[in-house]
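Trainee: I am new to this structure. Please take me closely through one part of it, the places where its pieces meet.

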Amino acid sequence: MAMRAVRRLVSPGRFGQGALKVVLYLILVAFAVSFIYPFLWMAAASLKPEREIGTLALWSPHFSLRGYFYVFHQIPIARAFFNSAFVSLTATFSTLVLSSMVGYALGRLRFLGRDFIFNLVLFTMLIPGQLTLIPMYVLIVKLHWTDTYWALIAPAMISNMGILIFRQFFLTIPGELTDAARIDGCSEWRLLFQIVWPLSKPALITVGIVSFIGIWNDVLWPLIVIRNWQMMTMPQMVTLFHVGGLAGAQVSAEMAAIMLLALPVVLAYAFLQRYFIESLALSGLKG
Amino acid sequence: MQSTSHNAAVASKTAGTPPLPSTGGYWRWLRDRFRESQKIGYVFVLPYLVFFAVFVAYPLIFAFILVFHSWNIVSPMRFVGLWNIERLLFNDPLFWKALGNTLKFLMLHIPLQLVLALMIAVILNQRIPLRGFFRSAFFLPFVISGAVVTILWQALYSTDAGVFNLVLRKLGLPGVGWLTDPGIAIYSIAIMATWKNLGFYIILFLAGLQGIPGYLYEAAAIDGANRWHQFWRITLPLLNQITLLVVILSTMGGFSLFIEPFVMTGGGPADSTLSVVLYLYKHAFQFLHMGYAATIGFVLAAMVFVVIVIQRKLMSGETYV
């Protein structure tokens, strides 16, 4: 009885009483407002006429889609959306297939040199991206890949972190399962893609989300290898729209542009929040 | 690096690589191991080997060569010996200015990040209404492209019409030149970066908090420790691995600042927000100093590498995640 009372009082899953509880909750709400309000302001500003931008109001009777029309008129944003979607999806699919193959080989197969390759993966993860930025650009130039999808997709086709996550996950799959399939004459290819893949949804989701978000959001690499407006990715084009002054100092047009850029990710996030949070947090703990 | 050898040990244990025999030559052992290897393994790792050769080994070697050359990408490379390194270390105040800016950024960013993330994580670790909603709201900026966040915040920071100055004026205070005052701009960027990444670090702290066993608090309560003492004596010490991770990740983020100054200030005013990566970018793609840019990359990478090694050393201990 006494024990239960103590537990109720101190258990980390419970608040202290009364005043403290209210104060802490208010702090939380204040922070949450500071996280949500800017996005609402952004949505409102994209619809407001220019002279009403400098207010805190989230509603105006003069809302219009002028800013959006301006963006579509000034830059090939629809094409950029297609480029980004194509590049991110292709690279993510390739990362899933190739990283899982390597992860499978490193985790479930026995061959000479395996541990060496595993250490190579670990070593590569230690190399900061800033080091290889310039020579990678030179490589892309030498391959005549500037202003092509190859420049964006090829360097993202396989991921070290993906290999490690897959390898670790595959180690947890019971060996009896794969052994039985092998005895039945199943090839390693079918084993990986028809038996192991369906059991590895958590790993596939994690690697998929982390690489998709990483590629979709990247600005620096596209800025370096893509100059042609028809080939630009969406974040790159919106960045240049802003930096290059193409919005003609119209805040509503700039807000419209970033609304268009944010929308696909916000929609995906709205439906897959839990997976997004878990996957990205895990990638942080791994890195 | 401890974790590396540990992982390798686990790998060989699970897949059962036979140990070195005491008799027979090394080559024969190697040949036997190859004979009994599952050859399909080589097919499966082939894409990685190609990728490694093209996108890791070649750029690494080429970066090293570039450090000793002057090159504008069009005309042939010219060997200059140690000139690039000499210039960077002894003759380039702008590089040191950029590094100093990074330190200023980190001096505000890291403490702010730690205190806020830990505080919100502790609150979110309670049974409270709308918990999931709060978690998702804090995480949203982390998911969204840096281009969205920086362009939005530049509007919020606007001296005349920005939300920050509107609020200040409503409170009867003078407006601030958030991005136009050279003494303030880098700190404005640090505040924005904290806002963008906070949700991510909250989740890391939450994971840590959930790993702390409840009986520790019960035992402490029986010994008469109040909640304040429990926080300092139990929660904080058991979170030190997470705290360290947050510091390291924020530091690495600080070293790779690019889009923030690129979008918001172009490095100005008076180079007060110039970051090292932006400086590298300018040398490479505005002045076509490929050799010098590669040298900046090398020195920056060396610093980041030191941070990573420290992280691996410190984090090899026990964690509660």
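Mentor: What follows looks at two interfaces, one between chains and one between domains.

This is a predicted model, where local features need pLDDT of at least 70, side-chain atom pairs count only at pLDDT 80 or more, and totals for chains, interfaces and linings use all residues. Residues are numbered from 1 along each chain as its sequence is written, chains are lettered from A and ligands numbered from 1 in the order in which they are written, and side-chain values use heavy atoms, with hydrogens and water left out.

Start with the two chains. Chain B brings 113 residues into contact with 106 residues of chain A (contact means heavy atoms within 4.5 Å). Together they bury about 9,800 Å². Buried area is the accessible area (1.4 Å probe) that two parts lose on being put together, summed over both. Carbon and sulfur atoms give 78% of that area. On the chain B side, F44(B), Y48(B) and F55(B) supply 8% of what chain B buries against chain A, more than any other three residues.

Now the charged and polar links. Chain B and chain A share one salt bridge (a side-chain nitrogen of Lys or Arg within 4 Å of a carboxyl oxygen of Asp or Glu). Its partners are E36(B) and R110(A), at 3.6 Å from N to O. There are also 14 residue pairs in polar contact, both residues at pLDDT 80 or more. A polar contact is a pair of N or O atoms within 3.5 Å; within protein, one must be able to donate a hydrogen and the other to accept it, and residues adjacent in sequence count only if both atoms are side-chain atoms.

Which helix gives the most to the chain B side? Helix α3 (residues 40-66) of chain B does, with 20 residues (helices are DSSP runs of H or I, at least four residues, numbered from the N terminus). By class, the chain B side has 86 nonpolar, 19 polar and eight charged residues. Ala, Val, Leu, Ile, Met, Phe, Trp, Tyr, Cys and Pro count as nonpolar, Asp, Glu, Lys and Arg as charged, and the others, Gly among them, as polar.

Next, look inside chain A. It has domain 1 (2-64) and domain 2 (70-286), with bounds from an automatic or database domain assignment. Their centres, taken over C-alpha atoms, lie 33 Å apart. Eight residues of domain 1 and nine of domain 2 make the contact. The two domains bury about 640 Å² between them, 77% of it on carbon and sulfur atoms. M42(A), S46(A) and E50(A) supply 69% of the area domain 1 buries against domain 2, more than any other three residues. Between these domains the count of salt bridges is zero, while two residue pairs are in polar contact.

How values were computed: Helices (H or I, at least four residues) and strands (E, at least two) are DSSP runs, numbered from the N terminus.
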